[in-house]
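Biologist: I am new to this structure. Please take me closely through one part, the sheet and what surrounds it.

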Amino acid sequence: MEHPMPDVAMRSLEHDHGTLDWVGMREIRLPVRIQDGAAICEVVGSVQLYVDLLDPKAKGIHMSRLYVLLDEAARCRIFSPAAIQQFLQEMLDSHSEVSSRAFMEISFERPLRRAALVTDHAGWGSYPATIRGIRSTTESIVELCFAVKYSSTCPASAALARQSIQEQFERDFEQSNKVEPAHVTQWLGSTQGIVATPHGQRSKADITVRLSELSANFPLTELIDRIESSLATPVQTAVKREDEQEFALLNGQNPMFCEDASRRLKQTLDDTPGLLDFLVRVEHFESLHAHNVASWVAKGVPDGLQADPART
């Protein structure tokens, strides 16, 4: 005779032991499909799933129910904002007796093919991204987070370098009654002439946007393209000398403090349709200082996303 297996996790407690804000699983790794604009992005995601525990006498939640739901959804579903909210409702339905809120987060790397600046070469860029959703009786939130790396040349350093070059020019040519263009051209191409160069650094923009729960897709690639175009100096993949020269030119024409980068990105996102809210965090990994510099800016929606340095 088969005996029923005990389920101690679901035993009702004799006395109230309080409620819990979130209970669930994290770092569940499995293949998922993301609706990125018109494209379907197939990646290995790291997933978090949580529900709250409102019954003070309930010992725990049904972890296996959440895992089985996720496994089925990952096999059969393409995740869009609307699909995320549908899945969150299924999580709540599976725990209707003990829970009123559900949370889901999928983190992954989005590979994108990137062309070289000048030559016909190309390479793969990789963009960390996260999609998350929250659902309850009072709210439904869908967010897309991603990071873009770029180069930033310091405007102050560029100005100081130009001044040093001007002073060197005066010293080298002060005795010349007539300065021949050929001599100046030769001087400009020498280390004696270009005695100083501005410092630059690899930098990163972390973007969070809120989308309508009814949206049919996550506009990840579109947003990455807009951000890189706004910054003008995204990091490169395949680089020959012609590409490197073009990159140097772009950096020279786009010197940026972290404040400049944040303002550029705010304007870009303000001009992007379909975003309910956004938050930008820019960090420049200084090559002059031992510390980094950072800047935050939000869209400014009442009760919306806000910068919180304590959480970074």
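Modeller: The sheet comes first, then one residue on a strand, then the aromatic rings. This is a predicted model: local features need pLDDT of at least 70, side-chain atom pairs count only at pLDDT 80 or more, and totals for chains, interfaces and linings use all residues. Residues are numbered from 1 along each chain as its sequence is written, and side-chain values use heavy atoms, with hydrogens and water left out.

Start with the sheet. It is open and has 8 strands, in the order E1-E2-E3-E4-E5-E6-E7-E8. The pairing is antiparallel. Strands (E, at least two residues) and helices (H or I, at least four) are DSSP runs, numbered from the N terminus. Two strands pair if DSSP finds at least two bridges between them. Strands of a sheet pair through backbone hydrogen bonds, either parallel or antiparallel.

Strand E1 (20-36) and strand E8 (293-298) are the edges. Each pairs on one side only. On average, neighbouring strands are turned by 15 degrees against each other, direction ignored. Axes here are lines fitted to C-alpha atoms, for helices over the stretch in contact, and angles run from 0 to 180 degrees between N-to-C directions.

Look at the E8 edge. Strand E7 (residues 277-284) is joined to E8 by 6 bridges, and the two run antiparallel. His 284 has Val 293 in E8 as its bridge partner.

At E1, a helix comes in. Helix H1 (residues 63-76) lies across E1, strand E2 (39-53) and strand E3 (101-115). H1 runs at about 10 degrees to E1.

Now the single residue, Gln 201. It sits in strand E6 (residues 200-211). Is Gln 201 buried or exposed? Gln 201 is buried, because its relative accessible area is 6%; buried means under 20%, exposed over 50%, and partly exposed in between (1.4 Å probe, protein chains only). Setting aside neighbours within four places in sequence, its contacts (heavy atoms within 4.5 Å) include Tyr 150, Cys 154, His 284 and Phe 285.

Last, the rings. The whole structure holds 6 aromatic pairs. Rings of Phe, Tyr and Trp (its six-membered ring) pair if their centres lie within 6.5 Å; planes under 30 degrees apart count as stacked, over 60 as edge-to-face and the rest as tilted. Phe 79 and Phe 87 make an edge-to-face pair, 6.4 Å centre to centre, with 90 degrees between the planes. Phe 79 is buried at 0% relative accessible area. Phe 87 is buried too, at 0%. Trp 22, Tyr 50 and Phe 103 form one aromatic cluster.
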